[in-house]
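Please open the model in your viewer and keep the selection panel at hand. The stops below go from the domains to their contact, and then to the spaces in and around it.

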Amino acid sequence: MSNIVEILKSLSEAPGISGHEHEVRNVMKDILTPYVDTVTTDGLGSLIANIKKDDDLPNVMLSAHMDEVGLMVRYITTDGFIKFQTIGGWLDQAIVGQRWVISTSSGKVNGISGIKTPHVMSAEEKSRVFKKENLFLDVGALDKKDAMTRLGIRPGDPISPISKFERLNQGDFLLGKAWDDRAGLAVMSGVVEILSEVNLPCNIYAVATVQEEVGLRGAHTSSEIVAPDIGINLESGVASDYPGISEFEAQESLGKGPAIFLHDSSMLPNQNLRDLVEETASDLEMDLQYNVLSGYGQDGAEMQRSKGGTPSINITVPTRYLHSHNSIIHLDDVNKAIKLVSEVVRKLDSETVSKIRTFG
Ligand code: CO
């Protein structure tokens, strides 16, 4: 088995906001290519890695998204500061006082989201949240011309958070950015490696999708190409095991195993597929967590709506502090998710898939 911590590190540290996933795609291509028969892309850039067994066997699609939330250069002020468009769901207060990297056509440019000095603020201003409309990036440019000619920054350039991966205090809690959804991609990598060595009862399409954070776009286009019979989405879940978040809002805890979503705003899982995942976890003597969320959307919804309706489920790695520079997952949950998903897929022969797809 490849070193999953190394895979997690390289995926987490790669910059790749929606529509600019090429560095993540290259990492995924290198990881998956040795284990699959073909690697192609759809017209938007989602990577489709296929283990082909037989045309008569069911097509099982695994998906996980490559893009992360970030910013995009909107315009450059005459003083050389960068005004930006947010890409994906950000809290305004998560944006201030952070390090960022702009990927320009001539290279990488580092910048920071400046925050006004408290020494000059009134008490009222100090207690306020800084709205994103008023925020900017400082890239150390003299003026607009310097930013554009010396640094090569152009409107539309993608801006990603900078955050170094680390095993938090040498333990199994893993700190990094973009676990949404690089954790899912790492699970997919582990699953494909395991499945490449077994006798499979189905064809596998491992799809690393683009543009999830702006509306599940890559999952839509790649599902049209794959035409899955079963869809398994691999995501970062929503942990609620830290101060200030309640069990009513989310129900996952780190280190207690993978979770399945029973409700989110984008999809409801197929009940038979849910039962199969539960049975498999039980056979493995693995704890399975559940999450019922009021919000959240994920790529499983696009698989579910493809090919006239595809039984789908979302399986997650519990994650703290999503959509920020510093998120935390637990290594045990990643390893257990790999085990669970590969065992589920090994059961997806024609008969089982046809039972899942039968409605009484
Ligand atoms: Co996600």
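What follows is a tour in selections, each with a note on what is found there.

The model is predicted, so local features need pLDDT of at least 70 and side-chain atom pairs count only at pLDDT 80 or more, whereas totals for chains, interfaces and linings use all residues. Residues are numbered from 1 along each chain as its sequence is written, and side-chain values use heavy atoms, with hydrogens and water left out.

**The two domains**

Begin by colouring residues 4-68 together with 177-356 as domain 1, and residues 70-161 as domain 2; these bounds come from an automatic or database domain assignment. The centres of the two domains, taken over C-alpha atoms, are 32 Å apart. Their contact (heavy atoms within 4.5 Å) involves 13 residues of domain 1 and 19 residues of domain 2.

**The contact between them**

Next, show the surface where domain 1 meets domain 2: about 1200 Å² is buried there, with carbon and sulfur atoms giving 63% of it. Buried area here is the accessible area, for a 1.4 Å probe, that two parts lose on being put together, summed over both. Select I17, H323 and H325, since these three supply 49% of the area that domain 1 buries against domain 2, more than any other three residues.

Now select E23 and K108, whose side chains meet in a salt bridge at 2.6 Å, N to O; the term requires a side-chain nitrogen of Lys or Arg within 4 Å of a carboxyl oxygen of Asp or Glu. Between domain 1 and domain 2 the count is one salt bridge.

**The pockets**

Which residues lie nearest the centre of the largest pocket? Select G89, W90, D180, L322 and H323, which hold that position among its 14 lining residues. A pocket, on a 1 Å grid over the protein atoms alone, is an open set of points with protein on both sides within 12 Å along at least five of seven lines, and lining residues have an atom within 4 Å of a point. Its volume is about 350 Å³, where a volume is the space filled by probe spheres set on the grid points, joined across faces, edges and corners. Because domain 1 and domain 2 both give residues to the lining of the largest pocket, it lies between them.

For the second largest pocket, of about 170 Å³, select E13, P15, V101, K108, N110, P161, I162, S163, K164 and K177. This pocket also lies between the domains, because domain 1 and domain 2 both contribute to its lining. K108, met above in the salt bridge with E23, is one of these lining residues.

**The cavities**

Finally, turn to the enclosed spaces: a cavity is a set of grid points where a 1.4 Å probe fits but cannot get out, and the whole structure has three of 30 Å³ or more. The largest cavity has a volume of about 100 Å³, and of its 13 lining residues V69, A178, D180, H323 and S324 lie nearest its centre. D180 and H323 can be kept selected from the largest pocket, where they are also among the residues nearest the centre.

The second largest cavity, of about 50 Å³, is lined by P15, G16, I17, H20, H22, E23, S103, P158 and S160.
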